[in-house]
Amino acid sequence: MAATEGIKQHHSTWSPYDNNGGTCIAIAGSNYCVIAADTRMSTGYSILTRDYSKICNLADKCVMASSGFQADVKALQKNLSARHLIYQHQHNKQMSCPAMAQLLSNTLYYKRFFPYYSFNVLGGLDNEGKGCVFTYDAVGSYERVGYGAQGTGGTLMMPVLDNQLKSPSPLLLPAQDATTPLSESEAVDLVKDVFASAAERDIYTGDGLEIVVVNAEGVKREFLELRRD
Amino acid sequence: MFRNQYDTDVTTWSPAGRLFQVEYAMEAVKQGSAAVGLRSKTHVVLVCVGKANSEFSSHQKKIFKVDDHIGVAIAGLTADGRVLSLHMRSECIHYKFLYDSPLPVGRLVVQLADKAQVCTQRSWTRPYGVGLLVAGLDETGPHLYQNCPSGNYFEYQAFAIGARSQAAKTYLERKFETFPECSRNELIRHGIISVKEALAEGKLNGSNCNVAVVGIGEAFNTLDSKTVQQIIDSLEDRADEPPVDVAPVEGEQGAVQDDTDQAAAPMET
């Protein structure tokens, strides 16, 4: 045997994670919140299904949309739903959206060293009935914002949302609310436009769009088609 | 005679083959204020009398929601009852997490009974001093179970536990054959009337009487005190309701009395 032959390095090709693609967004209004996600679930360059919901109703006034590894997303949703049941038993009421936001952050950080591969956006109404949106990274860093987008098409959508919704500089007085002054139907139309645009260029976003609107009357769901290519 | 020699540990049998500590635990249940459960083809109702420590305090909470489809009424050591209810809640949540469906009532009751049995066979734990009436609805319909500190459980059409429960049971015995066909509101009425029998003194009103219902199309919920007061008032208005004359059974008040449905043990001398 030639002495120059070395031992081949065998790097592991197995990963516990997979990215099922897709995009989620949420927009907060003065008395409503719109949460939307596409319904395509993919792996690699293949489509697993055109009809998968990334949105979960965690509480009366709190809805979560998550893209990333859907097995982790499902586990995260189940975890939070169980915790919400415990909360209801102990406090005799539903969790508020800000409370759920903190719980989600803690749950994600709990697995800081084997994270949930889940990019979340939480939307709902706060204790005063105003729309609120919280945006997260995979390990629980979160912030309350007026609008947010996560997932494969997030970077395509965010600039458009910034253009339409971004509040004037926080340096300007009087302080402006983070929630958009748009009406509910205007916000929903914006969501539809933004998803149609992202579906043009992001291969992982498309097939269908699920829109959930949370307002004082409750939770409304709408579904429409997107590009299937 | 032999009681005092063999009643120190739960792990000591008496010569007659009895575990006195377990029986004493069941006594604790009889000292608690009354709880009544009754079942129809579509609903299960729990009615309790809440004791209040003093005029200033609130009434004891005796009914706990365990899940949307299960609730429990307790009699005896309230703290033990609360702890068991919390355990039942976590069992239901765990089952739902694993199987995405509601925990069948019979399964929960068996788990609870096994938990109680453990305490009858360890020298370092005491038996739970609380009796539970578990009311629930699952695929096989509405159910009412009783759980004892001994680790036994029984299913019932209607039952009562706690102080002066015999008076309530006598009323139930007369009426229970009509229960399967009863409507939800009639069932609640029967429950409240039977609990009235178990009241020693004072009047039943919306604050000392807790009523909870679970049924087909209705998640487990406790009625608010105003609604309960209305039902109690309407009971008194009903002139056609024949007066229920039941002589209270004498042995109830503090003397040790074996219920016929517990383990068949002879009266001690």
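This is a short tour of chain B, from the whole chain down to one sheet and the helix packed on it.

**Whole chain.** You are looking at a predicted model. Select chain B and colour by secondary structure. You should find six helices and 10 strands. Now switch to a surface view. Chain B exposes about 13,200 Å². Carbon and sulfur atoms supply 52% of that area. Of the 269 residues in the chain, 49% count as buried. Next, consider the contacts with a separation of 6 or more: 64% of them join residues 24 or more positions apart.

**The sheet.** Select strands 8, 1, 2, 9 and 10 of chain B. These five strands form an open sheet, in the order 8-1-2-9-10. The pairing is antiparallel. Which strands stand at the edges? They are strand 8 (158–161) and strand 10 (218–222) of chain B. Each has a single partner strand, so one side of each is left without a neighbour in the sheet. Ignoring direction, neighbouring strands of this sheet are turned by 10 degrees against each other on average.

**One edge, up close.** Zoom in on strand 1 (residues 35–39) of chain B. Strand 1 pairs with strand 8 of chain B in the antiparallel sense, over four bridges. Show Ala35(B) as sticks. Opposite Ala35(B) stands Ile161(B), in strand 8 of chain B.

**The helix on the sheet.** Add helix 5 (residues 184–197) of chain B. What does helix 5 touch? Its contacts are with strand 1, strand 2 (43–49), strand 9 (209–215) and strand 10 of chain B. Finish by comparing directions: that of helix 5 makes about 25 degrees with that of strand 2 of chain B.

Technical notes:
Residues are numbered from 1 along each chain as its sequence is written. Chains are lettered from A and ligands numbered from 1 in the order in which they are written. This is a predicted model: local features need pLDDT of at least 70, side-chain atom pairs count only at pLDDT 80 or more; totals for chains, interfaces and linings use all residues. Side-chain values use heavy atoms; hydrogens and water are left out. Helices (H or I, at least four residues) and strands (E, at least two) are DSSP runs, numbered from the N terminus. Buried means under 20% relative accessible area, exposed over 50%, partly exposed in between (1.4 Å probe, protein chains only). Contact means heavy atoms within 4.5 Å. Accessible areas come from the Shrake-Rupley method with a 1.4 Å probe; for residues, only the protein chains shown count as cover. Two strands pair if DSSP finds at least two bridges between them. Axes are lines fitted to C-alpha atoms, for helices over the stretch in contact, and angles run from 0 to 180 degrees between N-to-C directions.
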